[in-house]
Amino acid sequence: MKLNKDISAIVTGGASGLGAAVVRHLSSCCVKVAIFDMDEARAQPLIGETGSLFFKVDVSDAQAVARGFEEAREINGQERLVVNCAGIAPAMKTVSRGQAHDAGLYAKVIGVNLVGSFNVASQAAAGMAEAEPIGEDKERGVIINTASVAGYDGQIGQVAYASSKGGVIGMTLPMARDLADKGIRVMAIAPGIFGTPMVKGFPREVQDALAAQIPFPSRLGKPDEFAALVAHIAENPMLNGDVIRLDGAIRMPPR
Ligand SMILES: NC(=O)c1ccc[n+]([C@@H]2O[C@H](COP(=O)([O-])OP(=O)(O)OC[C@H]3O[C@@H](n4cnc5c(N)ncnc54)[C@H](O)[C@@H]3O)[C@@H](O)[C@H]2O)c1
């Protein structure tokens with residue numbers, strides 16, 4: 001699917017980090033972008049810079065997602081590209097000081113990272129399925145979810161986060177199969193360690209230690225590199241039903 005002014009996109013978590021880089025990249029291709037995020041204040045400079053729309057949507061709430069789609073489609077038309085970047089990563093061990101993992105926190109992480117990605121992807125697909133096919137391959141849309149290398153090699157304290165990202169990985173192939181006859185592709189990206197507010201909040205020495213674990217290049221990933229892969233997936237029709245690790249060959253150790 002060629003990225004140009006005729007394409008409208010939704011980017012969840014677009015106020016910050018990887019999502020914000022995707023918003024910038026898509027806007028530079030003249031794609032009409034709407035951000036679904038909770039943090040409107042953080043999105044303000046980006047909205048000014050790119051002219052993107054913003055909708056305050058909690059992705060874990062299916063009704064809020066439906067309202068967001070309704071309002072975004074009214075202005076930008078049916079989205080052809082959805083990029084799910086909204087996510088949270090609180091750490092807690094399965095048992096800590098004799099206490100079992102907080103069940104509410106576990107459910108919250110699954111709710112935002114996994115159910116949230118599902119809500120947005122499934123509702124986008126329902127809209128895309130009704131749209132006119134585009135181009136030689138008669139594509140109707142592309143959905144890109146963000147997993148994590150933690151979905152394969154979760155570390156100590158990442159039981160909730162790794163479960164949610166494992167779910168995103170597991171969702172990719174069946175969703176692509178479900179939507180194949182509608183001309184909608186589904187892919188996921190599993191980033192390694194990227195220099196976003198999620199990671200830049202760590203002390204310098206922790207960031208350096210993380211970077212040193214990456215075989216090559218031994219540095220944090222740049223959000224622009226994530227955005228470049230999103231754009232490539234959107235434009236390459238043979239990419240479907242798979243998860244691409246974007247991680248400089250890192251394999252996460254236990255801690
Ligand atoms: N940064 C990394 O190293 C890294 C590595 C692997 C995976 N990821 C994943 O990439 C995605 C983006 O991460 P990031 O580093 O850019 O994080 P970030 O914290 O910079 O951005 C996440 C965004 O999601 C939004 N958000 C959180 N909960 C939401 C909700 N319920 N509804 C709507 N929006 C919500 C936040 O407001 C924020 O703008 C996440 O899914 C994260 O798990 C990041």
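## Briefing: two cores around a parallel sheet

The largest nonpolar core here has 34 residues, and those with the most contacts inside it are Val 22, Leu 26, Leu 81 and Phe 226. (A nonpolar core is a set of buried Ala, Val, Leu, Ile, Met, Phe, Trp, Tyr and Cys residues joined through side-chain atoms within 4.5 Å; buried means under 20% relative accessible area, exposed over 50% and partly exposed in between, with a 1.4 Å probe and protein chains only.) Keep in mind that this is a predicted model, where local features need pLDDT of at least 70, side-chain atom pairs count only at pLDDT 80 or more, and totals for chains, interfaces and linings use all residues. Residues are numbered from 1 along each chain as its sequence is written, and side-chain values use heavy atoms, with hydrogens and water left out.

**The cores**

- Two or more residues of the largest core come from each of strand E1 (8-12), helix H1 (17-28), strand E2 (32-37), helix H2 (40-50), strand E4 (81-84), strand E7 (141-146), strand E8 (184-191) and helix H8 (223-235). (Helices, H or I with at least four residues, and strands, E with at least two, are DSSP runs numbered from the N terminus.)
- H8 gives the largest share of this core, 7 residues.
- Leu 81 touches Leu 3, Ser 8, Ala 9, Ile 10, Leu 26, Met 128, Val 142, Ile 144 and Ala 234, leaving out residues up to four places away in sequence. (Contact means heavy atoms within 4.5 Å.)
- There's also a second, separate core of 33 residues, and Val 57, Val 82, Ile 143 and Val 168 are among them.

**Helix H8**

- With 13 residues, H8 reaches 19 Å from its first C-alpha to its last, close to the 18 Å expected at 1.5 Å a residue. (The expected span is 1.5 Å times one less than the number of residues.)
- Its buried residues are Phe 226, Ala 227, Leu 229, Val 230, Ala 231, Ile 233 and Ala 234.
- The cover over those buried residues includes H1, E4, E7, E8 and strand E9 (243-246).

**The sheet**

- 7 strands make an open sheet with parallel pairing, in the order E3-E2-E1-E4-E7-E8-E9. (Two strands pair if DSSP finds at least two bridges between them.)
- Strand E3 (53-56) and E9 sit at the edges with a single partner strand each, so one side of each has no neighbour in the sheet.
- From one strand to the next, the twist averages 20 degrees.
- E2 and E3 run parallel, joined by 4 bridges, and Ala 34 has Leu 53 in E3 as its bridge partner.

**Strand E8**

- 8 of the 8 residues of E8 are buried, so the strand is largely enclosed by the rest of the structure.
- Both of its faces are covered, with Ile 184, Val 186, Ala 188 and Ala 190 buried on one side and Arg 185, Met 187, Ile 189 and Pro 191 buried on the other.
- E7 pairs with E8 in the parallel sense over 6 bridges, while 4 bridges join E8 to E9, also parallel.

**Helices across the sheet**

- Helix H3 (residues 62-76) lies across E1, E2 and E3, at about 160 degrees to E2. (Axes are lines fitted to C-alpha atoms, for helices over the stretch in contact, and angles run from 0 to 180 degrees between N-to-C directions.)
- Helix H4 (residues 103-128) lies across E1, E4, E7 and E8, at about 180 degrees to E4.
- Asn 119 lies in H4 and counts as buried at 7% relative accessibility.
- Setting aside neighbours within four places in sequence, Asn 119 is in contact with Val 59, Ser 60, Asp 61, Ala 62 and Val 65.
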